[in-house]
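Grab a coffee and open the viewer: here are a few short exercises on rings and strands. Try each task before you read its solution.

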Amino acid sequence: MRVRTTAIAGLAALALTAASVPALNLLVYSPARAVASYLGDIAAGDAEGARARLLTGTIENAAALTDDALAGAPSLPERVDVTRSETEGRRAVVTAEYDLAGSTRSQEFELTRDDGTWGLYHRWLIDVGELPRLELEIDGASAVRLNSADIEVDREGLPVLFPVEYNVGFAQEYFRSSVESVTALEPGEELSTRLAPQPTEQLREEAEELVHAHLDECVEAKTLLPTGCTFGYDSDNEILGDVSWEMVSYPAVRLRSERNRLVVAPASGVAQIKGRYRDIVTATESDFDETVRFTFTAAVNVEDGGPSIVPLTPGLASGTQAVR
C-alpha cells in the first residue's frame with residue numbers, strides 16, 4: 001500500500017511540474033525577465049552574473065569584465081522598465097528603458113533560447129555577438145585605472161560590459177593623466193579615448209636634481225666655456241691661468257610637453273666667474289669678478305626606470321640641438 005501511495009504521489013508531482021512549466025517559462029524564465037535580470041546584475045556590480053546572461057563570441061581578454069570594473073562607475077542603469085517583449089520560436093526581442101548618466105534611454109535586446117534546464121525550463125541569453133570594445137591611446141603608461149580596476153593596457157582594446165559609464169585614467173610614478181569618461185551602450189560598439197600623460201611632481205623633483213647636478217659639474221670647470229654647458233664667459237682679453245665658477249642661482253625647473261617630447265621649460269639662472277686677465281691693449285693685469293646670466297633648457301627622457309636630461313642649446317628648446 002505504501003509503495004502505491006508513493007507512486008501516486010510521484011505521479012502527482014510530475015503532473016504538477018508539467019502543469020507549472022508553461023507558467024514558469026512565461027513569468028520566470030521569460031526573455032523580459034532575462035533582460036531585467038541582466039540590467040539588475042550590471043546595476044548591482046555583479047559582472048559574473050551579467051556575463052552568464054550573455055551569448056558572446058570568443059573573449060580573448062576579460063580583464064575589464066570584472067566586479068572592480070563596475071565598482072566606482074560614474075553611472076550604472078537605474079529604474080529599469082521592460083516596455084516590450086516579442087517572441088518567435090527560439091528568438092526574442094525585448095525593449096527596456098533605464099536611466100544612465102542623467103538620461104533616460106530605450107534599448108532593444110535580441111535574445112536566443114538555449115536548451116533550458118532539464119529540458120523543461122527555458123533559458124534566454126542576450127545575443128550580443130561582440131561586446132563593446134574600448135580602445136586606449138596612451139603614452140607613458142602600461143596600465144590604466146578603469147573605474148576601480150587596475151588593468152594592463154591591451155593595444156587590441158578591452159571588451160567591456162554595457163550599459164555602463166566608465167572613468168579611465170592612470171597615475172604612475174612619473175606620469176599621470178586626467179580622468180576621461182566613456183559610456184558603453186551597445187553590443188559591438190567601438191569606443192576610444194586618449195589619455196595624455198602629464199609629468200608628476202616626483203618626476204619634476206628628480207629632473208630638478210639632475211639639472212642641479214649638471215650645473216654643479218659645469219661650475220667645476222676652469223675655462224671660460226665649460227664643455228657641454230649652457231653658459232660661458234666671452235672676453236677679448238688674455239686670461240691668465242684658470243678661472244673659477246660658482247652657481248649663484250639655479251634656474252627654476254618646470255616641465256612641459258613640446259613637439260611630442262618632454263622638456264625643462266627655458267628658465268634663467270645666474271653664475272659667477274672669477275679670474276685674472278691681461279688687457280690686450282695696455283698689458284695691464286687685473287682681477288675680474290663677473291655675473292653671468294644664462295637660460296637653461298633640456299629634453300627629459302624616462303628610460304630604464306628613471307629619468308635623464310639632455311641639455312639643449314639656449315634659444316633652441318623647440319629644436320633638437322643638444323649642447324656639445
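**Exercise 1: Rings in the interior**

Both Tyr-233 and Phe-288 are buried. Keep in mind that you are working with a predicted model.

Task: work out which class of aromatic pair Tyr-233 and Phe-288 form, and which parts of the chain they tie together.

Solution:
- Step 1. Start with the geometry: the ring centres of Tyr-233 and Phe-288 are 5.5 Å apart, and the planes meet at 5°.
- Step 2. Ring centres within 6.5 Å make a pair, and planes under 30 degrees apart count as stacked. The Tyr-233 and Phe-288 pair is therefore stacked.
- Step 3. Now place the residues. Tyr-233 sits in the loop between α5 and β15, while Phe-288 belongs to strand β18, so the pair ties together parts 55 residues apart in sequence.

**Exercise 2: A second pair**

Task: classify the pair of Phe-231 and Phe-294, and decide whether Phe-231 is buried or exposed.

Solution:
- Step 1. For Phe-231 and Phe-294, the distance is 4.9 Å centre to centre, with 40° between the planes.
- Step 2. An angle that is neither under 30 nor over 60 degrees counts as tilted, and tilted is the class of this pair.
- Step 3. Phe-231 lies in the loop between α5 (201-218) and β15 (238-249), and Phe-294 in strand β18 (residues 285-303), so the pair links distant parts of the chain, 63 residues apart.
- Step 4. Buried means under 20% relative accessible area. Phe-231, at 6%, is buried, and Phe-294 also counts as buried at 6% relative accessibility.

**Exercise 3: The neighbours of β18**

Task: find which strands pair with β18, and in which sense.

Solution:
- Step 1. Strand β17 (residues 261-278) runs antiparallel to β18, joined by 15 bridges. Here Leu-262 stands opposite Val-300.
- Step 2. Strand β19 (residues 306-311) is also antiparallel to β18, over six bridges. Ile-309 in β19 is the bridge partner of Val-300.
- Step 3. Look at the turns. The β17 and β18 hairpin has six residues between the strands, and Ala-283 takes a positive phi near 65°. The hairpin of β18 and β19 has two residues between them, with Asp-304 at a positive phi of about 55°.

**Exercise 4: An open sheet**

Task: which strands form the edges of the five-stranded open sheet?

Solution:
- Step 1. Write down the order, β1-β5-β4-β3-β2, with mixed pairing.
- Step 2. The edges are β1 (54-56) and β2 (78-88), each pairing on one side only.
- Step 3. Check β2: eight bridges join this strand to antiparallel β3 (residues 91-100).

Technical notes: Residues are numbered from 1 along each chain as its sequence is written. This is a predicted model: local features need pLDDT of at least 70, side-chain atom pairs count only at pLDDT 80 or more; totals for chains, interfaces and linings use all residues. Side-chain values use heavy atoms; hydrogens and water are left out. Rings of Phe, Tyr and Trp (its six-membered ring) pair if their centres lie within 6.5 Å; planes under 30 degrees apart count as stacked, over 60 as edge-to-face and the rest as tilted. Helices (H or I, at least four residues) and strands (E, at least two) are DSSP runs, numbered from the N terminus. Buried means under 20% relative accessible area, exposed over 50%, partly exposed in between (1.4 Å probe, protein chains only). Two strands pair if DSSP finds at least two bridges between them.
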